[in-house]
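Please read this briefing alongside the sequence and the coordinates shown below. The points are grouped by topic.

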Amino acid sequence: MSDCNAPVGVFDSGVGGLSVLREIRRRLPHESLLYLADSAHVPYGEKSPEYIRERCRTIAAFFVEQGAKALVVACNTATAAGVTELRELYPDWPIIGMEPAVKPAAAATRSGVVGVLATTGTLKSARFAALLDRFAGDVRVITQPCPGLVERIEAGDLDSLALRVMLQGWVEPLLAQGCDTLILGCTHYPFIRPLLSRLVPRDIRLIDTGAAVARHLAEVLTERGRLAGGESSCRFYCSGDPQRMAEVLPILWGEQAEVELFSGRNSRRGGVSQFDAGDN
């Protein structure tokens, strides 16, 4: 894991973590990246913590076998359920997680009321409760679970009428209660920021943590002397349908790319050639 030009592993329950991957590529253009969408098990937000921890262990083992020099858990729910255990299993491996941006939102609000759009799993987690205790003592935080939103974004729906109606049903009650700051508490949600911006007044702040995670990764790699130089690459894996993910990559990532099938034991690129992903 000490090779500077080794890749960084990034995973999410689906394609939402591409919003984080995009920020990592922007800040660290020389880093090679491995991205795994665990789309056969999406969404994590409705799964039990035990189930999510098992998925985290399986995926982390795969990235270790690929020689990843660092791991980014680009999922709020997976971070809440599994990042502590992963750090215990791999104490010398840099593991960076996600968490809803409660601290910057509390600092940004003028009305003293912050809304949180997130999955049920994130909102029920002890980690989220601890964030509120630490950073939201002086503000009122109103949470709004968003069932079904991850699935729409997974399908590449970023601006349909049905999606707009769904979002309005969640956001309007938050605005009616005085929210002037909205936390996008799932890595999928930044992809609908343009739509949300049209649904809320211009002075409402929308906050997510993708850029902060990329900045933290850069700091960690710098401190450990592991920043890469030269040419970079990006490989994509998913545990669901590689073709389906390949179809949404141009929408969410901005480029076409080949996607390899990840099963926990092996990957199959484009349904044709075999690739050994380890014996997990």
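What follows moves from the chain as a whole to helix 1, and then to charged, cysteine and aromatic side chains.

This is a predicted model, and its chain averages a pLDDT of 91, with 94% of the residues scoring at least 70. The chain has 11 helices and 12 strands, and 52% of its 280 residues count as buried.

**Confidence**

- Over residues 266-280 the pLDDT is below 50, although in the model this stretch has 46 contacts beyond near neighbours in sequence.
- Where pLDDT is low, the predicted coordinates should not be read in detail.

**Overall dimensions**

- The radius of gyration of the chain is 18 Å, close to the 19 Å that the globule rule gives for 280 residues, so the chain is as compact as a globular protein of that length.
- Taken along the principal axes, the C-alpha atoms of the chain fill a box of roughly 55 × 40 × 35 Å.
- Among contacts in the chain between residues at least 6 apart in sequence, 74% join residues at least 24 apart.

**Helix 1 and its surroundings**

- The buried residues of helix 1 are Leu 18, Ser 19, Val 20, Leu 21, Glu 23 and Ile 24, a list that includes the charged partner of Arg 26 taken up under the next heading.
- What covers these buried residues includes strand 1 (8-12), strand 2 (33-37), strand 3 (70-73) and strand 9 (234-238), together with helix 10 (210-223) and helix 11 (242-252).
- Arg 25 is also found in helix 1, and this residue counts as partly exposed because its relative accessible area is 22%, whereas buried would require a value under 20%.
- Leaving aside residues up to four places away in sequence, Arg 25 touches Glu 31, Leu 33, Ser 232, Ser 233, Cys 234 and Trp 253.
- Arg 25 and Ser 232 are 207 residues apart along the chain, yet their C-alpha atoms are separated by 9.5 Å.

**Salt bridges**

- The count comes to 13 salt bridges, and those described here include pairs that involve Arg 26, Arg 55 and Arg 164.
- Arg 26 forms a salt bridge with Glu 23, the closest N and O atoms being 2.9 Å apart; both residues lie in helix 1 (residues 18-27), 3 residues apart, which is about one turn of the helix.
- The two ends of this pair are set in contrasting surroundings, since Arg 26 counts as exposed at 54% relative accessibility, while Glu 23 is among the buried residues of helix 1.
- The side chains of Arg 55 and Glu 54 meet in a salt bridge at 3.9 Å, N to O, a value that still satisfies the criterion of within 4 Å.
- Arg 55 counts as buried, at 8% relative accessibility, whereas Glu 54 is partly exposed, with a relative accessible area of 33%.
- Asp 159 and Arg 164 also meet through their side chains in a salt bridge, at 3.4 Å from N to O; Asp 159 counts as partly exposed at 40% relative accessibility, and Arg 164 is likewise partly exposed, with a relative accessible area of 28%.
- Salt bridges that share partners join Asp 38, Glu 54 and Arg 55 into one network.

**Cysteines**

- The count comes to 0 disulfides.
- Cys 146 is in no disulfide, because the nearest cysteine sulfur, that of Cys 186, is 8.6 Å away and a disulfide requires sulfur atoms within 2.5 Å; at 4% relative accessibility, Cys 146 counts as buried.
- Cys 179 is in no disulfide either, the nearest cysteine sulfur being that of Cys 146 at 12 Å, and Cys 179 counts as buried at 4% relative accessibility.

**Aromatic pairs**

- The count comes to 6 aromatic pairs.
- Tyr 90 and Trp 93 form one that is edge-to-face, with 5.2 Å centre to centre and 70° between the planes.
- Within this pair, Tyr 90 counts as partly exposed at 21% relative accessibility, whereas Trp 93 is buried, with a relative accessible area of 4%.
- Ring pairs also link Phe 62, Phe 63, Tyr 237 and Phe 262 into a cluster.

Notes: Residues are numbered from 1 along each chain as its sequence is written. This is a predicted model: local features need pLDDT of at least 70, side-chain atom pairs count only at pLDDT 80 or more; totals for chains, interfaces and linings use all residues. Side-chain values use heavy atoms; hydrogens and water are left out. Helices (H or I, at least four residues) and strands (E, at least two) are DSSP runs, numbered from the N terminus. Buried means under 20% relative accessible area, exposed over 50%, partly exposed in between (1.4 Å probe, protein chains only). Rings of Phe, Tyr and Trp (its six-membered ring) pair if their centres lie within 6.5 Å; planes under 30 degrees apart count as stacked, over 60 as edge-to-face and the rest as tilted. pLDDT is the predictor's confidence in each residue, from 0 to 100. Contact means heavy atoms within 4.5 Å. The radius of gyration is taken over C-alpha atoms; the globule rule is 2.2 Å times the number of residues to the power 0.38.
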